[in-house]
Amino acid sequence: MSERQVVIIGSGPAGLTAALYAARANLKPLVIEGIEAGGQLMLTTMVENWPGYRDGIMGPDLMAELRAQAERFGAEIIQGDVSSVDLSQRPFVVSMGKTAYTAQTLIVATGASAKWLDLGVDKKLSGRGVSTCATCDGFFFKGRPVAVIGGGDTAMEEAIYLSKLATSVTVIHRRDSLRASKVMQDKAMSMSNISFVWNTEVTDIKDLAKGEVTALVLKNTQTGVTSELAVDGVFIGIGHVPNTALFKGQLAMHDNGYLKTHEGSRTSVHGVFAAGDVQDHVYRQAVTAAGSGCMAAIDAERFLSGTLHEAQSIHPPPMTSSPS
Ligand code: NDP
C-alpha cells in the first residue's frame, strides 16, 4: 500500500484547489477524481461569476485550467471511484476496489449530485427524454417542446438555456412563487417561449412502454385536478444531494446528509477535512468551493506539521444520522 501525506477525493473546484495548495506545499497530493470528474462545472456552459474573467469562461475550460495548474505543481490525479474508506484510525485507508491507499490526511471534496423525483419512471427514462442537465442534453430537443421541473436557480438556468433551443419551455413548480434569485426569475420571465405552471406536481411521466417521453401527468396541489402536458423532454432541476454515502457512520453529518465542518474545514475525525458542496448547502458556488478547498489544504498542512489547533479532538461535533 502506497502511503500519502494528503489524499483528496473529488476533482471539482474544491478538490483541485486543495490539490493546488497541497502540491505547492510540497505534500505531493493524490487526487482521486471520481466518476463525475471535474464536478458540476463540467455540466455548465458559460461561467460568468468566477472572478478574473470579465467575459466569462466555459465551465469545462475552467476545470481544465485548474487541473493543469494543480498538476504543474506536482499533484497526481488518477481516474476512478473510491469504493470505501476506513477512517477509524490513522493512516486512513482509501480503497478503489482492490487498490488501496493509506493517507495521513484526507480531504473530502466529493460534491453534490442532481436530485431526481421520487417517481421511479424519471430514472427509467433517463437519457430517453428525462435529463438533469440542460447543457448536456438540451441539443437533442432542438425545435421540440420541453418542460423544466423546479423553482430555484437551477430550474431557471435550465429553462433559459433550453428556451434558445426548444419551441416552448414549460416550468412546472409545486408552489406559487419561485425560490430563484430575482435576476434569474426576471430573465426567465422575459423569455417569450417560457411559461409557468404554478402549484403543480408531476405525478407521472409517459410513456415508459414506448421508452420515450410523450407527456407529463400533472396534479394541481390546490384543486387536486389532474391534466396532461404533451412534451418531448423533461429536465429535472429540483436541487442536489451531497455525495456522502461513503462516509456514513464515519463522519458527522447534518440531517440533510451534508458533512458537518467546524473551525474551517475540520470534520468530526481528526485529520479529515471537507471542502466544497459536500459540506456547503448554503452558498454552493464554484468560487466558495475553491475557497474552502484552499482552507482544507492549509488545515491539512498545519495538521501534518503539528500546528493545527487541537480544539477539534476535544469537542468533535456530534454524529447524527443522515437521510438515505
Ligand atoms: P434549490 O434548493 O434552491 O431549489 C430547488 C427547487 O426545486 C425549489 O423550488 C423546490 O421547491 C423544488 N423542489 C425540490 N424538491 C422537489 C420535488 N421533489 N418536486 C418538485 N419540486 C421540488 O436548488 P437549486 O439547485 O435551484 O439551487 C441551489 C443553490 O445553487 C442555490 O443557492 C442557488 O442560488 C445556487 N445556484 C446558482 C446559480 C447561478 O447563480 N447561476 C445556478 C444554479 C444554482 P420549493 O421552492 O417549493 O422548495
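**Stop 1: helix α1**

Select helix α1 in this predicted model. Its buried residues are Pro13, Ala14, Gly15, Leu16, Thr17, Ala18, Ala19, Leu20, Ala22 and Ala23. That makes 10 buried residues out of 12, so the helix is mostly covered. Now show what surrounds them. The buried residues of α1 pack against strands β1 (2-9), β2 (30-32), β5 (76-78) and β8 (99-108), and against helices α2 and α7 (286-304).

Check the length of α1 next. Its 12 residues should span 16 Å at 1.5 Å a residue, and the C-alpha atoms at its ends are indeed 16 Å apart.

Step past the end of the helix. Asparagine 26 follows α1 and has a positive phi, near 65°. Then go to lysine 28, in the loop between α1 and β2. Its phi is positive too, about 45°, although lysine 28 is not a glycine. Lysine 28 has a relative accessible area of 51%, which is over 50%, so it is exposed.

**Stop 2: helix α2**

Select residues 59-72. This is helix α2, with 14 residues. The expected span is 20 Å, and the end C-alpha atoms agree with it at 20 Å apart. Which residues of α2 are buried? They are Gly59, Leu62, Met63, Leu66 and Ala70. These residues cover an arc of only 95° around the axis, so they sit on the same side of α2. An α-helix has 3.6 residues a turn, so residues three or four places apart point the same way. The buried residues of α2 pack against α1 (13-24), β3 (46-47) and β4 (57-58).

Stay on α2 and pick alanine 64. Its relative accessibility is 44%, so alanine 64 counts as partly exposed. Draw a distance from there to methionine 42. The two are 22 residues apart in sequence, and their C-alpha atoms are 9.5 Å apart. Beyond the helix comes glycine 74, with a positive phi near 105°.

**Stop 3: the ligand**

Show the ligand and the residues around it. The surrounding residues number 18, and the closest are Asp153, Thr154, Arg174, Arg175 and Arg179. Helix α5 (residues 153-163) gives the largest share of this shell, three residues.

Turn to the arginines. A side-chain N or O atom of arginine 174 is 2.9 Å from an oxygen atom of the ligand. For arginine 175, such a pair is 2.7 Å apart. For arginine 179, a polar side-chain atom lies 2.6 Å from a ligand oxygen. How much of the ligand's accessible area does the protein cover? On its own the ligand has 910 Å², and the protein covers 76% of that.

**Stop 4: glutamine 185**

Select glutamine 185 in helix α6 (residues 182-190). Is this residue buried or exposed? Its relative accessibility is 18%, so glutamine 185 counts as buried. Leaving out residues up to four places away in sequence, glutamine 185 touches Met156, Leu178 and Ala180.

**Stop 5: backbone details in the loops**

Go to the loop between β6 (84-86) and β7 (92-96), where proline 91 is found. A cis peptide bond joins arginine 90 to proline 91, with omega about 0°.

Move on to aspartate 207, in the loop between β14 (200-206) and β15 (215-220). Lysine 206 and aspartate 207 are joined by a cis peptide bond, with omega about 25°.

End at arginine 284, between β19 (272-274) and α7. Its phi is positive, near 50°, in a residue other than glycine. With a relative accessible area of 37%, arginine 284 is partly exposed.

Methods: Residues numbered from 1 in each chain as written. Predicted model: local features only at pLDDT ≥ 70, side-chain atom pairs only at ≥ 80, totals over all residues. Heavy atoms only, no water. Helix = DSSP H or I, 4+ residues; strand = E, 2+ residues; numbered from the N terminus. Expected span 1.5 Å × (residues − 1). Buried < 20%, exposed > 50% of the residue type's maximum accessible area, 1.4 Å probe, protein only. Arc of directions from axis to C-beta. Contact = heavy atoms within 4.5 Å. Near = heavy atom within 4 Å. Polar contact = N/O pair within 3.5 Å; in protein donor to acceptor, adjacent residues only side chain to side chain. Areas by Shrake-Rupley, 256 points an atom, 1.4 Å probe, with all protein chains shown as cover.
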